Amino acid sequence: MADSNITRNAMAAAMKALMKEKKLSKISISDICGACGMNRNSFYYHFKDIYDLVEWVCVEDGTKALQGKKNYENWQEGFCQIFEAVQENKPFIMNVYHALSREQIENYLFRLTRDLIMNVIKECSKGMNITASEQSFIADFYKYSFVGVMLDWIKKGMKENYHEIVNDICITMSGNIKNSLQNFADSKKQPKQ
């Protein structure tokens, strides 16, 4: 497994380096393999195509950014680290943003942010009469908001200070997840009309 990750990381680094010089659509598997000193069979052992490698890189970078930042105490820091990871990989992200469909980028960001938000929701709903379906609805609601803000930031070239954006998100969301959970719990106590 360690060797597998070493190989994947080498291919990811080679692809990121190449993406600083040319568009993703102009990069071949041979280019990536040549840049990291591996053969095409090694590439296909780990990835089905370049887009599979791109997705793996995005998930890996996002997972690293969120390590230890998936609870109520530090979810804001988790959001900040997602922005930071995107900013640090700006040439890669901008290249991917222009090469892939918006839906593919949304799906990656949805998976990343939903996991963070769902952990916060599960933590905050302990002891409450909240169904998994209700938890999922709340997570999806906030996920769409966060991803929309981030995609706008990426579309504008990541020029705005992401710390200010995260601060505005935090001000907007302050207490809202707990309030949403409480509203669902309270709705079950009221008599049906």
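These legends describe close-up views of one predicted model.

**View 1. The whole chain is helical in its assigned elements, with 10 helices and zero strands.**
Read along the sequence, the elements follow the pattern α-α-α-α-α-α-α-α-α-α. The C-alpha trace spans about 65 × 35 × 30 Å along its principal axes. The chain has 193 residues, and 44% of them are buried. Among contacts with a separation of 6 or more, 72% join residues 24 or more positions apart. The chain exposes about 10,800 Å². Carbon and sulfur atoms supply 49% of that area.

**View 2. The largest nonpolar core holds 63 residues.**
Four members touch the most other members: M15, I32, L53 and F79. Helix α7, residues 102–124, gives the most to this core, with 11 residues. In soluble globular proteins, nonpolar side chains tend to be buried together.

**View 3. M15 sits among contacts from several stretches of sequence.**
Residues up to four places away in sequence are left out of this view's contact list. What does M15 touch beyond them? The partners are L24, I27, I32, I50, L53, V54, V57 and F92. Two of these partners, I32 and L53, are named with M15 among the core members that touch the most others. Another partner, V57, also lines the largest cavity. F92 is likewise a contact of M15 and a lining residue of that cavity.

**View 4. The largest cavity has a volume of about 50 Å³.**
How many cavities of 30 Å³ or more are there? The count comes to one. The lining of the largest cavity consists of V57, C58, D61, A85, V86, N89, F92, I93 and Y108. Three elements give two or more residues each: α4 (50–66), α5 (75–88) and α6 (90–99). Helix α4 gives the most, with three residues. By class, the lining has seven nonpolar, one polar and one charged residues. Rolling a probe the size of a water molecule over the atoms shows where empty space is left.

**View 5. The largest pocket encloses about 280 Å³ of space.**
The lining of this pocket has 18 residues. Which of them are the closest to its centre? They are E55, L100, Q104, I105 and Y108. Y108 also lines the largest cavity. Helices α4, α6 and α7 each supply at least two residues of the pocket lining. Helix α7 gives the most, with seven. By class, the lining has 11 nonpolar, two polar and five charged residues.

**View 6. The second largest pocket has a volume of about 150 Å³.**
Its lining is made of Y142, S145, F146, V149, I165, D168, I169, T172, M173 and N176. Helices α8 (132–155) and α9 (162–173) each supply at least two of these residues. The largest share, five residues, comes from α9. Six lining residues are nonpolar, three are polar and one is charged.

**View 7. I121 lies in helix α7.**
Is I121 buried or exposed? I121 counts as buried because its relative accessibility is 0%, and the limit for buried is under 20%. Leaving out residues up to four places away in sequence, I121 touches Q135, I138, A139, I177 and L181. One of these partners, I177, is 56 residues away in sequence. In space, I121 and I177 are 6.9 Å apart, C-alpha to C-alpha. Helix α7, where I121 lies, also gives the most to the lining of the largest pocket.

**View 8. S174 is found in the loop between α9 and α10.**
Helix α10 covers residues 176–189. S174 is exposed because its relative accessible area is 53%, and exposed means over 50%. Where does S174 lie relative to V57? The two are 117 residues apart in sequence. In space they are 31 Å apart, C-alpha to C-alpha. V57 itself is one of the residues that line the largest cavity.

Notes
Residues are numbered from 1 along each chain as its sequence is written. This is a predicted model: local features need pLDDT of at least 70, side-chain atom pairs count only at pLDDT 80 or more; totals for chains, interfaces and linings use all residues. Side-chain values use heavy atoms; hydrogens and water are left out. A nonpolar core is a set of buried Ala, Val, Leu, Ile, Met, Phe, Trp, Tyr and Cys residues joined through side-chain atoms within 4.5 Å. Buried means under 20% relative accessible area, exposed over 50%, partly exposed in between (1.4 Å probe, protein chains only). Helices (H or I, at least four residues) and strands (E, at least two) are DSSP runs, numbered from the N terminus. Contact means heavy atoms within 4.5 Å. On a 1 Å grid over the protein atoms alone, a cavity is a set of points where a 1.4 Å probe fits but cannot get out, and a pocket is an open set with protein on both sides within 12 Å along at least five of seven lines; lining residues have an atom within 4 Å of a point. Grid points are joined across faces, edges and corners, and a volume is the space filled by probe spheres set on the points. Ala, Val, Leu, Ile, Met, Phe, Trp, Tyr, Cys and Pro count as nonpolar, Asp, Glu, Lys and Arg as charged, and the others, Gly among them, as polar. Accessible areas come from the Shrake-Rupley method with a 1.4 Å probe; for residues, only the protein chains shown count as cover.
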